[in-house]
Amino acid sequence: MLPISEAPPYSKPKTPDILDRKHSSSYFAAVKPYLSLHHRRTWFFLAVLLLQILLILSAPSLPFSFSLSANPNPRPSPANPITAEQGFRPEKLLTNLTNPAIDDYCPNGKVYIYDLPSIFNTEIAKNCDNLNPWSSRCDALSNWGFGKRADGISRILPENLTGSWFWTDQFSLELIFHNRMLNYRCRTLEPQSAAAFYIPFYTGLAVEKYLFTKTSTDEERDRHCKMMLDWVSAQPSFSKSNGWDHFITVGRISWDFRRSKESNWGSSCIYMPKMRNITRLLIEKNPWDYFDIAVPYPTGFHPGSVTELRAWQDFVRARQRRTLFCFAGATRGFIKNDFRGILLNQCYSEPGFCRIVDCGGSKCANGTSEIMETFLDSDFCLQPRGDSFTRRSLFDCMLAGSVPVLFWHRTAYFQYEWFLPGEPGSYSVFIDRNEVKNGTSIKGVLEKISREKVKRMREKVIEYIPKIMYANSNEGLEGVEDAFDVAVEGFLRRVKEQERGDKWR
């Protein structure tokens, strides 16, 4: 858990006038008879009062602890300033934690958050200037991972929704989840009453520097994960289950943590024996590892209320779309027969039907509205694989109410089963990449889809917007599950199934 809040500086109270030096003798002369008469009674009263306070503090029935580890209001680090709209509300949190009625809202059980040493989270975030070899990550990690407000896209948004958009980095998942977990309605401060255990380790941020530094060693890329696993595995709760009821968030793809040979890419974190039974919530999973769960990439849309969410859904539903399809991305010139180059060529050959945002250089870096405007204006958006099989653009596209066109099953269908409709054809179009390579016209395929079906597909995309975004509310959105809720409740259901005897694969 993050460090506790320090006491704010304060000024020493001004001494009352009656105790000013020049009046002190007359004052004590006046009160001396009173003190002589009542001092025994006064000391008895104070002793009784002190005894009552001690009894209250030591009562075993108290639902929360006054120890440092139970502090629900951690101090924000410089890298994660907690703004007014993001601020902790400890009085709300403590009400949840001490209210027996909250059990009615936690049918799958409660979660205990480990009080990890700060070297595993806050110290990593505070070192934001040195996490990346090319630039500072402090802006990206500010505001608990949401980043700065996206003022640059305000011209294309309804005025009442500009506060819902941020320049959120796609690798900020760990901070976003940590903040929400600290305020989670089903959080418990007593490990013995927990159904599951959250490990607030900033896994992806801890390894980021060493992934892109040529001189980094295998030991450096593994160090934080190994230290964390040694600490967690020594906890009684871990020993009871061998970690099967524990989970962690990972703000990078699974393949960054699957180094099987020395000097290969990435960390070997996932292959460490103590990690074997811990569930990982990642932005891209290994589809053949049951303990990997893919969750949506963080995007820039973070509504603070259901009203804001519904207003955005209405906005994209009513949007007039003038373009059949679009593509936002850059070619991979170093890849032979680069598929993105094929898509760009098809788009350039259909100028009246396809809109392009060429992301070569830094054109698509945070701070531009061109991508979102392009998605808002297009019926379909082309979504090839990214540097790995998935890409954040899939979720940016869907947030804009545009229907994704996919070319690899592993870009979405084999990844985000908890967050997307079960029937792929209800919200997306699939065109095998090999058909495109052999000359199949994307425009020809999309033109054959009736306007009625396009409307139905768009409506399905809009319906699922809540499940692919992270709300800007510590308690979530009342009556609506966002990506955080879907992920955590999904894991809790898995734990419950295990307790019923359903064998995990």
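Both Cys225 and Cys269 are buried, and in this predicted model a disulfide joins Cys225 to Cys269, with an S to S distance of 1.9 Å. The torsion about the S-S bond of Cys225 and Cys269 is about 60 degrees, so this disulfide is right-handed. The link ties together distant parts of the chain, since Cys225 lies in helix α7 (residues 218–233) while Cys269 sits in the loop between β4 (246–253) and β5 (279–284), 44 residues apart.

The structure holds 5 disulfides, and two others can be followed in some detail. One of them joins Cys128 to Cys138, again with a value of 1.9 Å from S to S, and with 80 degrees about the S-S bond this link is right-handed. Here too distant parts of the chain are linked: Cys128 belongs to the loop between α3 (122–126) and α4 (138–141), whereas Cys138 is in helix α4, with the two positions 10 residues apart in the numbering. Cys128 is buried, its relative accessible area being 4%.

Another disulfide joins Cys347 to Cys354, where the S to S distance is 2.1 Å. The torsion about the S-S bond of Cys347 and Cys354 is about 50 degrees, so the disulfide is right-handed, and both Cys347 and Cys354 are buried.

Cys326 gives a contrasting case. The closest cysteine sulfur to that of Cys326 is in Cys381, at 5.4 Å, which is too far for a bond, because a disulfide requires the two sulfur atoms to be within 2.5 Å. Cys326 is nevertheless buried, with a relative accessible area of 0%.

Helix α7, which carries Cys225, also leads to a helix pair. Two packed helices are described by the angle between their axes and the distance between the axes. For helix α6 (residues 203–211) and α7, the axes come within 9 Å and cross at roughly 175 degrees. Because angles over 145 degrees count as roughly antiparallel, α6 and α7 are therefore roughly antiparallel to each other. On the α6 side the contact is made by Ala206, Val207, Tyr210 and Leu211, and on the α7 side by Glu220, Arg221, Arg223 and His224. Sorted by class, the contact of α6 with α7 comprises 4 nonpolar, 1 polar and 3 charged residues.

Methods:
Residues numbered from 1 in each chain as written. Predicted model: local features only at pLDDT ≥ 70, side-chain atom pairs only at ≥ 80, totals over all residues. Heavy atoms only, no water. Helix = DSSP H or I, 4+ residues; strand = E, 2+ residues; numbered from the N terminus. Buried < 20%, exposed > 50% of the residue type's maximum accessible area, 1.4 Å probe, protein only. Axes fitted to C-alpha atoms, helices over the stretch in contact; angles between N-to-C directions. Parallel < 35°, antiparallel > 145°, perpendicular 65-115°, else oblique. Contact = heavy atoms within 4.5 Å. Nonpolar A, V, L, I, M, F, W, Y, C, P; charged D, E, K, R; others polar.
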